[in-house]
Amino acid sequence: MKLEQHIYTSGKTEFTTIAATSGINRDERIRLENHSLYILPGTLLYKDDQPKPTKYIFYPLDEYRLVIGRAIYIGKDSLGRPGNYLFHNFIIYKEDFMWLNLNPARLIKLLEGKELFRDKIPEEPLNVIELPVDEMRRTQNDSLSISRIPSLQRDLILNLVYFCFNHKSLQRPLLLTGTDKEYLDFLEWLYNLLPYNLREKISFDTYSYGTNLGFPIMGIPDEVEFQQNISYSLKLDLKTWQYTTNFELKEPSKLISFIAEMAAEGRAKDINSMYSLEYCLQKGDYTKFKVGYKTVSPEIKDFLYTSHRETILNYITTKKDVELLEMITAKITVEDVNILSSDYGVIERLVDTDNRRIIEVFVDWLCTKGDKRQFHPLLFKSCNLWRVFLERIRCHPQNITLLIEPVSILPAHYSREFEDILLEETINLLPYIRADKRLSKHFSGVLDNLPHPGFADSELLRTFVRYELSKDPLLLKRIIESDVFILSERYQTIVLDSLLNGIIRSGRIDEIKMPLNILFEKAWQRKDYFLKLIASVERFEVSGKSKKVLKETILGFMKKLPQNETTMEIRNRLEKLLESKPSFFDRILAKGFRR
């Protein structure tokens with residue numbers, strides 16, 4: 001880190017630049033001189049035994065460089081006149097200053113610690129000073145002064161941060177009273193709370209008696225001799241931490257509130273880390289960003305991602321940075337997937353996970369407006385993806401047509417697991433699929449062309465869904481002749497209800513008797529299966545000739561039942577089915593008599 005130097009003090013006739021390094025031109029020298037002012041109250045000019053304040057100053061010299069300066073009182077000049085002072089300025093490039101996180105108070109402490117500020121007029125020419133980078137790195141992580149700042153009230157911190165963010169519109173300064181050490185400790189802490197782009201704009205003058213340079217932060221000793229009528233926005237006593245404000249604190253932004261909350265918890269260093277990572281993003285140094293991002297707190301990660309979401313996501317898609325993608329995956333939203341979708345490979349990597357939340361976010365994005373056909377094959381990367389997609393359609397049946405494209409490509413990605421999941425969810429969606437003739441026809445066509453599943457239960461379930469969509473009597477006959485008991489209990493009930501309904505509603509009486517008898521004959525082979533069939537009959541509303549045929553079938557089976565305890569439950573339930581329910585008129589009459 002290179003530092004240009006400039007020294008200003010009393011000459012033979014006036015204050016002037018007496019030494020400067022070669023990197024400072026005439027215009028810059030004039031600007032430095034205009035800011036190198038130090039004035040004492042007249043009552044102190046002749047009190048040599050009384051300590052005099054030290055002045056520290058910080059401001060931008062131009063677009064690329066900043067000034068750190070110190071002034072000390074050195075008594076009388078060569079002609080014996082009191083009021084002489086030595087002003088030593090260092091000029092640093094912003095890029096070099098980043099090693100100290102653009103914290104001017106920290107640099108002042110470093111320069112004081114290395115005794116680089118001059119206490120007397122130099123006899124030799126000034127040279128550019130170069131500080132080792134390793135030393136800057138060690139200093140960058142020093143937080144001793146932060147620990148010396150007490151736990152301040154949140155309201156005070158909020159007012160301080162609000163002032164810094166709005167100093168231009170507030171116009172009047174932050175006025176501090178305290179000692180040299182208190183100034184530096186406080187300013188080091190305060191600058192940690194400010195974004196980098198604001199740090200270089202917030203100038204300060206820790207001793208501004210008689211020299212109002214218009215800086216946002218000014219300091220003045222609290223002794224009587226130094227009292228002046230200075231108009232301020234906020235005044236803070238660094239000994240007592242008492243403060244007064246002359247502005248209305250409007251609703252602070254989320255960033256200001258966030259900083260105030262973190263600082264009130266004593267986490268100024270965490271805030272500084274956040275700004276350091278923001279700077280990495282601005283400079284495109286993602287290698288350093290990723291290293292730092294892993295170490296910061298969850299709150300900082302959330303704030304960084306929320307504030308720089310598009311920048312991070314665009315970098316991931318441009319550079320295909322899988323490592324960074326994995327680091328921010330837990331925060332990704334539907335809107336984020338929309339940005340990432342500019343690169344198919346990134347989306348493919350994103351959904352290569354068992355993380356339920358990420359899968360749901362991707363599926364939700366698939367269901368938003370726009371042509372997503374390119375990404376439908378990704379649904380078949382895992383059973384979880386396919387299942388979540390179908391569950392989402394089931395929960396939002398108004399989006400039923402979104403099934404058309406994914407179902408179309410199922411044959412190209414076929415597996416028994418994918419078909420089983422599809423059929424499982426399709427059964428729940430049958431009323432909605434049947435309501436859309438185009439979808440129903442399309443769905444049936446896809447099922448017709450799927451490979452043989454190789455398992456009887458899958459084949460039976462597929463046949464059942466095809467029947468429900470087409471009401472094809474041949475498919476109904478095939479199901480009746482199948483062993484429905486191989487299905488899970490849930491599907492047994494669904495299929496039996498459908499079979500009973502299909503048989504009874506099929507038409508002529510002679511078309512009902514045979515399939516109904518076949519159904520009962522097959523069910524009778526297993527007691528638990530037969531009980532499920534009875535339960536389906538109990539739920540079924542039937543009348544007219546169909547009811548007569550059903551009763552005849554039940555009577556026929558009752559005659560076959562042996563008289564023993566094993567068949568007692570079946571016989572009792574069948575007898576109840578044969579009982580004639582009272583007509584509507586009979587129920588009305590019975591109700592009237594009870595009254």
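The following exercises, each with a worked solution, concern a predicted model.

In this predicted model, local features need pLDDT of at least 70, side-chain atom pairs count only at pLDDT 80 or more, and totals for chains, interfaces and linings use all residues. Residues are numbered from 1 along each chain as its sequence is written, and side-chain values use heavy atoms, with hydrogens and water left out.

**Exercise 1. Helix H8**

Task: Determine whether the span of helix H8 (residues 180-192) agrees with the value expected at 1.5 Å a residue, and establish how many of its residues are buried.

Solution.
Step 1. Helices (H or I, at least four residues) and strands (E, at least two) are DSSP runs, numbered from the N terminus.
Step 2. The expected span of a helix is 1.5 Å times one less than its number of residues. For the 13 residues of H8 this gives 18 Å.
Step 3. The end C-alpha atoms of H8 are 19 Å apart, which agrees with the expected span.
Step 4. Buried means under 20% relative accessible area, exposed over 50%, and partly exposed in between (1.4 Å probe, protein chains only). Because 10 of the 13 residues of H8 are buried, the helix is largely enclosed by the rest of the structure. Among these buried residues are Tyr-183, Phe-186, Trp-189 and Tyr-191.

**Exercise 2. Helix H25**

Task: Compare the reach of helix H25 (residues 489-504) with its expected span, and name some of its buried residues.

Solution.
Step 1. H25 has 16 residues, for which 22 Å is expected.
Step 2. From the first C-alpha to the last, H25 reaches 23 Å, close to the expectation.
Step 3. The buried residues of H25 include Tyr-491, Val-495, Leu-499 and Ile-503.

**Exercise 3. Two helix pairs**

Task: Classify the packing of H21 with H23, and that of H6 with H10.

Solution.
Step 1. Axes are lines fitted to C-alpha atoms, for helices over the stretch in contact, and angles run from 0 to 180 degrees between N-to-C directions. Angles under 35 degrees count as roughly parallel, over 145 as roughly antiparallel, 65 to 115 as roughly perpendicular and the rest as oblique.
Step 2. Helix H21 (residues 416-435) packs against helix H23 (residues 456-470) at an angle of about 20°, with the axes 10 Å apart. H21 is therefore roughly parallel to H23.
Step 3. A crossing is left-handed if the near helix is turned anticlockwise from the far one by less than a right angle, and right-handed if clockwise. The crossing of H21 and H23 is left-handed.
Step 4. Contact means heavy atoms within 4.5 Å. Residues of H21 including Leu-423, Ile-427 and Leu-430 meet residues of H23 including Leu-461, Phe-464 and Val-465.
Step 5. The axes of helix H6 (residues 154-165) and helix H10 (residues 254-264) come within 9 Å and cross at roughly 140°. H6 and H10 are therefore oblique to each other, and their crossing is right-handed. Among the residues making this contact are Ile-157 and Val-161 of H6, and Ile-256 and Ala-260 of H10.

**Exercise 4. Buried polar side chains**

Task: Identify the polar contacts of the side chains of Arg-70, Ser-233 and Asp-321.

Solution.
Step 1. A polar contact is a pair of N or O atoms within 3.5 Å; within protein, one must be able to donate a hydrogen and the other to accept it, and residues adjacent in sequence count only if both atoms are side-chain atoms.
Step 2. Arg-70 lies in strand S4 (residues 65-75) and is buried, at 7% relative accessible area. Its side chain makes polar contacts with the side chains of Glu-112 (3.3 Å) and Asp-119 (2.7 Å).
Step 3. Ser-233, in the loop between strands S9 (217-219) and S10 (234-237), is buried, with a value of 1%. A polar atom of its side chain lies 2.8 Å from the backbone oxygen of Arg-172.
Step 4. Asp-321, in the loop between helices H14 (309-319) and H15 (322-328), is buried at 8%. A polar atom of its side chain lies 2.9 Å from the backbone nitrogen of Leu-324.

**Exercise 5. Positive phi**

Task: State the phi values of Glu-115 and Gln-171, and decide whether these residues are buried or exposed.

Solution.
Step 1. Most residues other than glycine have a negative phi.
Step 2. Glu-115 has a positive phi of about 55°. At 69% relative accessibility, Glu-115 counts as exposed.
Step 3. Gln-171 has a positive phi near 70°. Gln-171 counts as exposed, at 69% relative accessibility.
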